[in-house]
Amino acid sequence: MIDVIIPAYNASKTLGRALASLAAQTDKDFKVTVVDDCSDWNEHCKMVHTVIAYGNQGLNTSFVTSSINGGAGMARQ
């Protein structure tokens with residue numbers, strides 16, 4: 001199984017496109033983890049709803065929230 005980690009900071013406008021691309025893959029042996037890098041509250045809520053929606057469509061997703069903004073590298077760790 002492959003782990004796909006998506007660092008996201010205020011990324012509600014682009015997250016859906018990234019998840020749609022992953023959902024379109026023919027090999028579904030992967031898990032997607034979206035790491036919210038301390039986004040604004042409204043952006044955080046939108047991203048949570050997007051991840052849940054794709055999870056309900058069969059994509060293996062999870063959502064992690066970082067309490068500090070550490071950048072993409074820290075989010076991947």
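Here are a few friendly questions and answers about this predicted model.

Q: What makes up the fold of the protein, and in which pattern does it run along the sequence?
A: The protein has three helices and three strands. Going along the sequence, they follow the pattern β-α-β-α-β-α.

Q: Why is the protein called as compact as a globular protein of its length?
A: Its radius of gyration is 12 Å, and the globule rule gives 11 Å for 77 residues; the two values are close, so the protein is as compact as a globular protein of that length. Along the principal axes, the C-alpha trace spans about 35 × 25 × 15 Å.

Q: Why is Thr50 called buried?
A: Buried means a relative accessible area under 20%. Thr50 has 17%, so Thr50 counts as buried. This residue sits in helix H2, which covers residues 41–56.

Q: Which residues does Thr50 touch, leaving aside those up to four places away in sequence?
A: Thr50 touches Leu15, Gly16 and Leu19.

Q: How many of the 77 residues are buried, as a percentage?
A: Buried residues make up 32% of them.

Q: What share of the contacts between residues at least 6 apart in sequence join residues at least 24 apart?
A: That share is 78% in this protein.

Q: What does the protein show on its outside, and how are its charges placed?
A: The protein exposes about 4800 Å², with carbon and sulfur atoms supplying 52% of it. There are 6 positive and 7 negative side chains, and the centres of the two sets lie 6 Å apart.

How values were computed: Residues are numbered from 1 along each chain as its sequence is written. This is a predicted model: local features need pLDDT of at least 70, side-chain atom pairs count only at pLDDT 80 or more; totals for chains, interfaces and linings use all residues. Side-chain values use heavy atoms; hydrogens and water are left out. Helices (H or I, at least four residues) and strands (E, at least two) are DSSP runs, numbered from the N terminus. The radius of gyration is taken over C-alpha atoms; the globule rule is 2.2 Å times the number of residues to the power 0.38. Buried means under 20% relative accessible area, exposed over 50%, partly exposed in between (1.4 Å probe, protein chains only). Contact means heavy atoms within 4.5 Å. Accessible areas come from the Shrake-Rupley method with a 1.4 Å probe; for residues, only the protein chains shown count as cover. Lys and Arg count as positive and Asp and Glu as negative; His and the chain ends are not counted. The place of a charge is taken as NZ of Lys, CZ of Arg, CG of Asp or CD of Glu.
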